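Got your viewer open? Let's take a short walk through this one, picking things to select as we go.

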Amino acid sequence: LQVRFVDLRETRVDPEAGKLLPPDLLQRARAMPVTITDGRLLLAMADPLDFETVDYVRVLTGKEVERAVCTEAAGPQVAVASRWWRWSLRWPSSASA
């Protein structure tokens, strides 16, 4: 299995990548979009062999998906990040004010 490891506690998640997927999917799949590079989405997952989710994300985003493994312990980071994502959509950023 040639899948890289991503430690979500130490990796900066690109907010634009985070906006691509709905929070309920992230929680259900135990996954977190990390970055977008050259049209490819890096998706950290507790189960990188969940090809059903990988295919769904590919169709939903229109991007190639590069899988990465993250630990189950990253679950709280995914939950917090998805709550932040929902909150950030409701409130304008200070940069836009």
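What pattern does the chain follow when you read along the sequence? Colour by secondary structure and trace from the start: you'll go β-α-α-β-β-α-β-α. That gives you four helices and four strands. Keep in mind that you're looking at a predicted model.

Now show the surface. The accessible surface comes to about 6100 Å², and 53% of that belongs to carbon and sulfur atoms. Of the 97 residues in the chain, 37% are buried.

Next, select residues 51–61, which is helix H3. Which residues of H3 are buried? Show side chains for Thr53, Val54, Val57 and Thr61 and you have them. Turn the view until you look down the axis of H3: these buried residues fall within an arc of 100 degrees, so they line one face of the helix.

What covers that buried side? Add helix H2 (23–29), strand E3 (40–45) and strand E4 (64–69) to your selection, since the cover includes these three.

Spin round to the face of H3 turned away from the buried side, and pick out Glu52 and Val59, both exposed. Click on Glu52: its relative accessible area is 67%, and because exposed means over 50%, Glu52 makes the cut. Try the distance tool here too, from the C-alpha of Glu52 to the C-alpha of Ala29: you should get 9.7 Å, for two residues 23 apart in sequence.

Last stop: select Gly62, which follows H3. Check its phi, which is positive, near 75 degrees.

Key
Residues are numbered from 1 along each chain as its sequence is written. This is a predicted model: local features need pLDDT of at least 70, side-chain atom pairs count only at pLDDT 80 or more; totals for chains, interfaces and linings use all residues. Side-chain values use heavy atoms; hydrogens and water are left out. Helices (H or I, at least four residues) and strands (E, at least two) are DSSP runs, numbered from the N terminus. Buried means under 20% relative accessible area, exposed over 50%, partly exposed in between (1.4 Å probe, protein chains only). Accessible areas come from the Shrake-Rupley method with a 1.4 Å probe; for residues, only the protein chains shown count as cover. The arc is that of the directions from the helix axis to the C-beta atoms. Contact means heavy atoms within 4.5 Å.
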